[in-house]
Amino acid sequence: MTTSDSLPPQTQAPPPSQANLHFAMVGLSMMIAREQQGAHGREMDSWTTFPISQAPAMRELITNPLLFRVILSMLSSNALVSASSHQTEQGRKRSPSEDLAAHARKKQMLATPPPHRQRQTSHSQLPGISTNVVSTSLPESVCNHQVFAATVLYSVLQHMDHWPIELMKVFAEDAFGPRTWVDNEQCQDLVSNLQMSLCPDASDEAIDAASSVIADEAESYFSSLISGSERTESSPKSLPPSRVVISSQKRTPSAKEVRTQSMQTEAMDDSASSSSGEEEVLESAVREVGTITHPYHDVHSSGILNKLLRRSPSSNRRIRSRYLGHNLDLAYEAISDALTDRLSSKAKQNSRLLQALPGFLCIPRIRCLSSRHLEKWLQSPALAGLARHLLAQIARNLANEDPPLPDDVEVIDNVLKMKLKANQFSMHVENIALIATRLPTKAVAKQIFLYCLAGETTNGGYVVMDPSPDHLEILRSVYTIFDSDLAAQSLASAMLALASHSTQYLSRSMRLVVNALGDRYDGFTFTQSIIKSKTGVSINMLNESAQLIFQCAMLVGLGNGLEDKLASKMLTLRKAMLQWCVTELGRTYYDKILKEERSRCNSSYDGTGVVVTGPGRAVFDSYLDGSSRDEIGQDDTIPEFIKKVRCLLFLNSASSNELAEFSGHEFDAEESECINFCCRYSYAVDDELLNIVLESPNISPSTAIAIIENLILGCSSAQENISISSGVIWKVYELSEYVPQLHSNVCKEDLKLPRLAHPCLWWRVTAIALVVCSLSSHVGITMWKEHPTLRALIKMTTSQKYRFPTADCDDVQKEVVRLEEAKVREKEAKIAELLFAPPSPKPSKTDDPKATPHRPPDFRHGLRTSARQQEKKDRIFALEQERKAAAIHAEQMKLRRHLKVLQKSIMIWEPVQCPRKPPKESVDMLLSINETFNMAEKFRSSIEPDFLLQTIGDGRSAIERAYDWLIPIISLHPEIIHRLQPSATCFLLLRAYGAEAGKSNRELIGLSSPLLSHVTKCLGGEFGERHSLLALELLLTDIADENADRRRCSRKVLQQAIPNNFGLCGWMRQLKFATNAKSVVPLTIAYVCRALAYERGKVLSVFILYLHEYKKFLIEHELEDRKFNYIGSLCALISTRPLPPHQMLQHQATTTANATSMTWKSATHNNTVSTTLQRGAKTY
């Protein structure tokens, strides 16, 4: 026994023997058994703390460092090796052949103990030491020692929630080694608690702060207990009690450091001590135990023991985790150290080790150490099966954390780099896919993709190489596991890690990857990830970054999917690329562009006015202008920047020189196909795309307009590619604003300047707006209403009459527009003089204020001069005055010319003011843009709104003004006829039937059939009663015209447009049967009555006849209130034109009879008619 009363201090210990050792073991076990029975006899549920003071043997075990160390060493593999040695004499060296490895390689043979020695439970009772033998390869005494130690330790430690780290280490040593007591059923209570501690459940891991403090104190306590035993072994009697107390209570800064120091001290003691058998160590330890007295009870006071033995909510569970918080990490380190020693030993790594490892794979370091040897184990025929199972378990036990643990990163790296046999490749791919399933994070995906894209070099780095088929198969299998966005982003990160090599090579590798992935490849997300990663790069890396982005975006053409989604995805990708351009490239070129713009502004202004810098010379060059697109700014920096933007946004085809110069190499057939594919879906423009340009602070206004022009230029091929609102157009106009930079001594409020603009930029923006109006009908409607200048340009483009005022204006409207334009120009001239004119010169002091043009300044009254001298002075003075006047005039003319030039460089910004006349320099630009976008045809074909009809205008006079340019249009597009106003169609048909010779008349003759069809529909009421009446009124107007040709053409149109079988002017009878006859007949009566004054013969007779029928129609339908006086009209005709009626009455019997009948019926009631008839009779 180890208590002070077991052996007197003066008594010498007996010689070492197995009997003494067993006697001490039996005595300790008996006392612990008695104390345990006494504890079970009390009510344990009522305890808050285990009464350790009532159990001296248990207290001695956990307070005596040497005793604790001795019991713990019985479980250690070192004790196993010593006890298994047949060398029992002191001082005899151990042979390497007798090491643990020799016994571990042997097959375990389980022996069944006699029936009377079999036990029901492992640690419930301690009557003595069991003689059950676990393995025949080891001595029976060794196994009994281990069962004794395990039983004693569990009997004492079961009341604690926190166990010593050293116990976990000896457990791991035996588990990785001979497994003598780990597999022993009598030790399962201790083993089960240790195994539960390897992977604690959630309830055990969630500890509060108080439990964490107790765990740290427990670790410190057991560390000092073990280190105290080492100091006692070296010199137990040399230290006084006070010194022992100080040494035992001293705590190192870190528990991990304490354990490290303890391990180093143990190694030094083992190397300095005798290498004889372990039995000698045990016996000497037992002898020295009797010399240990109670000072250790003072060192390890009851206060800390009460904390360790205090019951917790989990104390009711017999098997639970005994290592929590920081102690669990220390336990993991101890297990990892044990496995490291096992793997580094000379012992052969057999199947027993591989069977034990899966139970420890919840420890990250164990997974890492195991993965280092997997390749060797998989290549071994004897271990390949267990190694495959171990590999799968390693993959399943990886911690699902982001970022992954460093040990798991090494595990994945080791698994990826394994060189296996061909028949194991599928298994390799499955486990890599299992890793990806277990850790679906970006870091893991990047690590796997990087391995698939690159090969490992000797120094552990990566070098770009063409992916092998096996690597592509791994990449394809893993890519399908990850989320599509995550997979694309991870692939982009892996590609960026290899981006230091040529982009051409990367493009080739990526094409192999894309072909391998097929439809699974999401090139849009991949390229967006590349763009995001290349944000904020240095200036030196911009060109390489731009080329890399282009190469990656080009691969979208390989992994194309459904075409209905490609346009929207490509638009999103182009937005990201444009954002990168205006941010990264724009920041690089911004200073250069501003410097060039300032130099151009200063070249045309001498700085004599109130502004510091002028607006610059107005240059109306636009990228929309196809004729001058290649000549824009060859000497400045804008084209260099714009070329890169055009290439990155796929606005150039694969055969363009710009793209070849940008990429630095010629494209092969596959690359050209990819580029052209991207170009087909790279022409869409919307508000968000333009806002990226408008809101960027890194580009100048002229650069922004140039980018927008190139974006709009791509929409020339397809009208549906554009989706821009009118609000964005107004924001684009703000780019053209000119803000004068005034001198410091000038107050801006005093000048009262309106918003000014650069004319060249203003008209370039207007050209952009004009193009957008031709491509987008809803923008066109808004701009037509709100933008007078744009409305005038639409009219010019539609009619192809580039004149100001526009061709649809009459004389009054033209005069009004001219006056408004003159007022605005006059206002701009005053603003230019206010800003740029030099200050007026102050009068010189030498000038005589009394001098006049006729008197020299030195003339004084009373001065006597001759007439000759005075005449000479006057002549000289007059010449001097003329010279000064000429100089002043020349200076004024020079200033006027200078101001006129500067006036062309500014204009009033307001777009909603009166229509502005396009400058001469902008006309060529507008003509070229019209040819590029075919705007005239787009405006003419637009139905909602119908720009053609709005350009023509309403009324006969508007149609007559539009006749010259309308005829060629309807000749090319006869389908336009059905969209024309009825009055316009009637007028054109009248011209087609006219007698005037000429080309336009010949063109209309060919269009007479569609025109006649449209007029027929109009008169028939197909387009509504209103249009029917308007068309009929226009034709009836010509019926009553004094021009005989007009009357003839009108009658012809009406006769053919209103089908009838009534002969000459049968259309008049047919009108009575029209659906809207009640409206048509009165209108016809009004114009036909006026036509009676010009017609004669049969036409006059028919008119009179049908007027008679119309009179009956009015009476039948009770329309007498229309006040049509048939007799009065006839009498007026006879009175004004007696001869034509006389001839008519002689040859037309029906007409004579009707007229006579109606006349005599009315004569008796109307004296006026009688008088008229008498006057007419005299004439006849």
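# Exercises on a predicted protein model

Two bridges join strand 6 (residues 756-757) to strand 7, and the two strands run antiparallel. The model is predicted, so local features need pLDDT of at least 70, side-chain atom pairs count only at pLDDT 80 or more, and totals for chains, interfaces and linings use all residues. Residues are numbered from 1 along each chain as its sequence is written, and side-chain values use heavy atoms, with hydrogens and water left out.

## Exercise 1: the sheet

Determine which strands stand at the edges of the sheet 5-6-7.

**Solution.**
- Step 1. Strands (E, at least two residues) and helices (H or I, at least four) are DSSP runs, numbered from the N terminus. Two strands pair if DSSP finds at least two bridges between them.
- Step 2. Three strands form an open sheet in the order 5-6-7, with antiparallel pairing.
- Step 3. Strand 5 (737-738) and strand 7 (907-908) each have a single partner strand, so they stand at the edges and one side of each is left without a neighbour in the sheet.
- Step 4. Within the pairing, A757 stands opposite M907 in strand 7.

## Exercise 2: helix 7

Compare the span of helix 7 with its expected span, and state how many of its residues are buried.

**Solution.**
- Step 1. The expected span of a helix is 1.5 Å times one less than its number of residues.
- Step 2. Helix 7 (residues 165-176) has 12 residues, and the expected value is 16 Å. From the first C-alpha to the last, helix 7 reaches 17 Å, which is close to that value.
- Step 3. Buried means under 20% relative accessible area, exposed means over 50%, and partly exposed lies in between (1.4 Å probe, protein chains only).
- Step 4. In helix 7, 12 of 12 residues are buried; among them are I165, K169 and F176.

## Exercise 3: K795 and its partner

Identify the residue with which K795 forms a salt bridge, and classify both residues as buried or exposed.

**Solution.**
- Step 1. Side chains of opposite charge can pair when their charged atoms come close. A salt bridge is a side-chain nitrogen of Lys or Arg within 4 Å of a carboxyl oxygen of Asp or Glu.
- Step 2. K795 lies in helix 39 (residues 788-799). Leaving aside neighbours within four places in sequence, K795 is in contact (heavy atoms within 4.5 Å) with W784, T806, D808, Q950 and T951.
- Step 3. The side chains of D808 and K795 meet in a salt bridge, at 2.9 Å from N to O. This pair links distant parts of the chain: D808 is in the loop between helix 39 and helix 40 (811-836), 13 residues apart from K795 in helix 39.
- Step 4. D808 counts as buried because its relative accessible area is 16%. K795 is buried as well, because its value is 14%.

## Exercise 4: helices 18 and 21

Find which salt bridges link helix 18 to helix 21 in the pairs of R365 and R367.

**Solution.**
- Step 1. The side chains of R365 and D407 meet in a salt bridge (3.2 Å, N to O). R365 belongs to helix 18 (residues 364-372) and D407 to helix 21 (residues 406-416), 42 residues apart.
- Step 2. The side chains of R367 and D408 meet in a salt bridge (2.9 Å, N to O). R367 is in helix 18 and D408 in helix 21, 41 residues apart.
- Step 3. R365 counts as partly exposed because its relative accessibility is 30%. R367 is buried at 1%, and D408 is buried at 0%.
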